[in-house]
Amino acid sequence: MSANVHTGRPDLGGIRASIQGLVHGGARGGSDEARVARAKAVMLREIDGQHAMYLESCIRCGMCAEACHFYQGTGNAEYTPIHKAEPVKRFYRRELGPMRWLRRLYTPDVTLQDLEKWQPLAYDACTECGRCDLICPMGIQISPLIGIMRRALAAADLLPAELQAVADEQREKGTVLGERGGREGVPDLAGGAGDDPEPCGRELDAAVRQRRTDRHRREPARDQRPAPR
Ligand code: SF4
Ligand code: SF4
C-alpha cells in the first residue's frame, strides 16, 4: 500500500485497483499470449498522465538505489527501484509515449518471460516502503509504478502462491486466512491464538501447496527456461 509522500494522501486509485483485482479476480489461465495481454491491459488502464510524467522524467541518477534496503543489502543492480517497474516503462514507451512510433522500432515488447523474471523483483524485493519516492530528485513516485507492475503480474497469473491462495479464499468463501467457529463472520487474521489455532493455517498451507503444484505442472522450472533477451 503506498501513499503520495508529497501530499501525504494514500494512493486510493492503486489501493482500490489492488482490492478489486485480488477479491474479484478476473480471467485466469489461457495461453501465454492471453496472459501477457491481460497484464498489458492492466498497464494500459492504470498508467495515467502523472505516471507518464514519472516515466518520462527519470534521469538515471541512481539515487533511488541508495534509498532501497534491498539494493543496499545486496548491491544487486536488479534491485534498483526504478528497474523493478521496467516492463511498465517499456510498455509505456512502446504503446503510449509521444515517441512510440519511433520506440516501437527498437524497444522489445513485453513477454511472459519478462513478467516471470520480474515477479520476484516486484513482489519479493519491495516492501512498498516509499523511501525511493522520498529521495528521487525528479519527484518520481516509484512505488506506485511498482504497484502497477504487481497488478499486471497478478493479471498474468503471476501472483505469488501464498497471495493467490488468500485471494481465492476471500473470493470463494468470503474469509481471510480461515474463520474461527463461534466467531461467525469474523475472519481469523492471527491464525494462532484460541482453542484450536491449527485448522485455518493447515487449510491455507494446503491451498498454497496445491497452487505451487498446479503452477509447476503448467510451467517448466524457471532455470529450464531460455534466458530472457
Ligand atoms: S532517483 Fe529518480 S531520477 Fe534517479 S534513477 Fe531513481 S527514479 Fe530515476
Ligand atoms: S518502495 Fe520498494 S523499491 Fe522503493 S525503497 Fe521501498 S522497498 Fe525499495
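**Getting to know this predicted model**

Q: In helix α3, residues 49–57, which residues are buried?
A: This is a predicted model, so let us start with one of its helices. A residue counts as buried if 20 or more other C-beta atoms lie within 10 Å of its own. In α3, the residues that are buried are H51, Y54 and L55.

Q: Why do these residues of α3 lie on the same side of the helix?
A: The buried residues in question are H51, Y54 and L55. They share a side of α3 because the arc they cover around the axis is only 95°.

Q: Which exposed residues sit on the face of α3 turned away from its buried side?
A: Exposed residues have 12 or fewer other C-beta atoms within 10 Å of their own. On the face of α3 that turns away from the buried side, these are G49, Q50 and S57.

Q: Against which helices do the buried residues of α3 pack?
A: Buried in α3 are H51, Y54 and L55. The helices that the buried residues of α3 pack against are α6 (86–95) and α10.

Q: Which element gives the largest share of the shell around ligand 2?
A: Two helices, α9 (131–135) and α10 (142–155), each supply at least two residues of this shell. The largest share is 3 residues, and it comes from α10.

Q: Which of the 15 residues around ligand 2 come nearest?
A: By class, the shell around ligand 2 holds 9 nonpolar, 3 polar and 3 charged residues. Those that come nearest to ligand 2 are C68, P81, C126, C129 and C132.

Q: How many residues of the shell around ligand 1 are nonpolar?
A: The residues around ligand 1 include C58, C61, C64 and C136, along with I59, I82, I140 and I142. R60, G62, M63 and M138 are also among them. By class, the shell has 1 charged residue, 1 polar residue, and a nonpolar count of 10.

Q: How many helices does the protein chain have?
A: From the N terminus on, the elements run α-α-α-α-α-α-α-α-α-α-α-α. The count of strands is 0, and that of helices is 12.

Q: What is the average pLDDT of the protein chain?
A: Confidence stays under 50 over residues 1–8 and also over residues 190–195. Where pLDDT is low, the predicted coordinates should not be read in detail. Across the protein chain, 71% of the residues score at least 70, and the average pLDDT is 80.

Conventions:
Residues numbered from 1 in each chain as written. Chains lettered and ligands numbered in written order. Predicted model: local features only at pLDDT ≥ 70, side-chain atom pairs only at ≥ 80, totals over all residues. Near = placed C-beta within 6 Å. Helix = DSSP H or I, 4+ residues; strand = E, 2+ residues; numbered from the N terminus. Nonpolar A, V, L, I, M, F, W, Y, C, P; charged D, E, K, R; others polar. Arc of directions from axis to C-beta. Contact = placed C-beta atoms within 7 Å. pLDDT = per-residue confidence, 0-100.
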